[in-house]
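With the model open in your viewer, please follow this tour of the empty spaces inside and along the protein, selecting each group of residues as it is named.

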Amino acid sequence: MIANGHPDEPPQDTLADGAYAHRQALESARFHGGDTVSTALSSFDKATAVERDGSGRFVARVDPAWDGPGAPLGGAVMATILRAMTAELAAADLAPRSVTAHFPRSLVHDLVEIQVETLRRGRRLATLQAHAVQQGRLRCAVLAAFGQPFPAVATWEAEPPAAPPPAEAAEVDLSTGPAPPHGQHLRFRPVFGPPPLLGGDQALAGGWLELHQSRPVDALALCLFADAWWPAAWGRLRELVITPSVELTVHFRQGLSEPPPGPVLARFASRVSREGYWDEDGELWSGDGHLLAQSRQLALLRPLAEG
């Protein structure tokens with residue numbers, strides 16, 4: 001989860017001449033109307049909408065209503081960029097299989113240019129990269145793999161973690177108070193791990209998770225869910241800290257199958273925190289027990305005063 005900005009990024013109070021020109025070019029990109037890729041009505045689809053502005057070039061707007069703690073949520077940023085990459089590829093038979101995002105700088109609430117390049121496109125596999133640029137600065141770099149199903153040599157499935165059904169798990173309201181803005185769009189029913197920030201013995205978190213506005217649990221929603229829960233690290237801590245994402249990877253395991261309805265079961269755990277970096281491994285399961293996605297994230301663990 002990107003939280004409270006990036007500690008390696010100096011404050012940006014004014015725009016240099018080149019960055020100002022870049023902003024003016026984005027403002028002229030006819031974001032309202034034109035060749036908009038997403039026309040869906042859900043607030044998530046509106047927040048992650050992109051508009052084509054030439055070959056391999058898209059424009060989006062960073063919506064503060066989908067922020068994490070203090071900065072745009074990395075999972076929402078990843079979903080927006082993956083939407084642009086999918087539009088550029090324009091191949092319905094190639095499903096997203098893996099996406100990796102690096103966050104050298106936090107995004108700001110402004111227009112963002114997404115530059116997409118197809119590195120290789122074969123009959124059954126394709127690799128694309130994308131750069132999200134604001135004010136003349138690289139904010140996020142993404143690499144994604146798309147592919148068709150291959151004939152299975154062997155198959156196996158892990159068992160989902162034991163959990164009560166959603167109706168038996170109490171919901172936590174994150175739509176008001178000090179919770180980050182993205183919480184107002186989601187329903188959280190904790191199942192795994194100790195309560196956050198009470199000094200528990202596990203870096204573990206998760207439970208049933210879904211959008212308030214119903215939509216298919218596709219690759220875009222899975223990017224969001226992979227980064228939407230509070231950090232697993234908070235299970236071990238007693239004081240609030242910031243956890244800016246350095247890198248986030250999501251592997252999609254549902255392929256071209258019909259996205260399932262209903263909430264997903266999300267489980268996130270951390271094994272190592274060392275030298276200010278910590279890891280988080282995630283699993284996202286459908287209500288009927290199928291693994292939809294796996295995630296892995298490297299993030300910083302920094303005092304709140306640095307936010």
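The lining of the largest cavity in this predicted model is made up, by class, of 13 nonpolar, two polar and three charged residues, and colouring these classes separately is a useful way to begin. Next, select Val62, Asp63, Ala76, Val77 and Thr80, which lie nearest the centre of this cavity among the 18 residues that line it. The elements that contribute two or more residues to that lining are strand 2 (57–61), helix 3 (74–89) and strand 4 (111–121), so show them as ribbons. Of the elements around this cavity, helix 3 gives the most to the lining, namely four residues. The space enclosed there amounts to about 170 Å³, and the cavity is one of three of 30 Å³ or more that a search of the whole structure finds.

Now move to the largest pocket, where the space comes to about 710 Å³. Which residues lie nearest its centre? Select Arg97, Thr155, Trp156, Glu157 and Arg253, which hold that position among the 21 residues of the pocket lining. With the whole lining displayed, colour it by class once more, and the residues of the largest pocket divide into eleven nonpolar, seven polar and three charged. Finally, select strand 14 (residues 291–300), from which three residues, the largest share of the lining of the largest pocket, are drawn.

Note on methods: Residues are numbered from 1 along each chain as its sequence is written. This is a predicted model: local features need pLDDT of at least 70, side-chain atom pairs count only at pLDDT 80 or more; totals for chains, interfaces and linings use all residues. Side-chain values use heavy atoms; hydrogens and water are left out. On a 1 Å grid over the protein atoms alone, a cavity is a set of points where a 1.4 Å probe fits but cannot get out, and a pocket is an open set with protein on both sides within 12 Å along at least five of seven lines; lining residues have an atom within 4 Å of a point. Grid points are joined across faces, edges and corners, and a volume is the space filled by probe spheres set on the points. Ala, Val, Leu, Ile, Met, Phe, Trp, Tyr, Cys and Pro count as nonpolar, Asp, Glu, Lys and Arg as charged, and the others, Gly among them, as polar.
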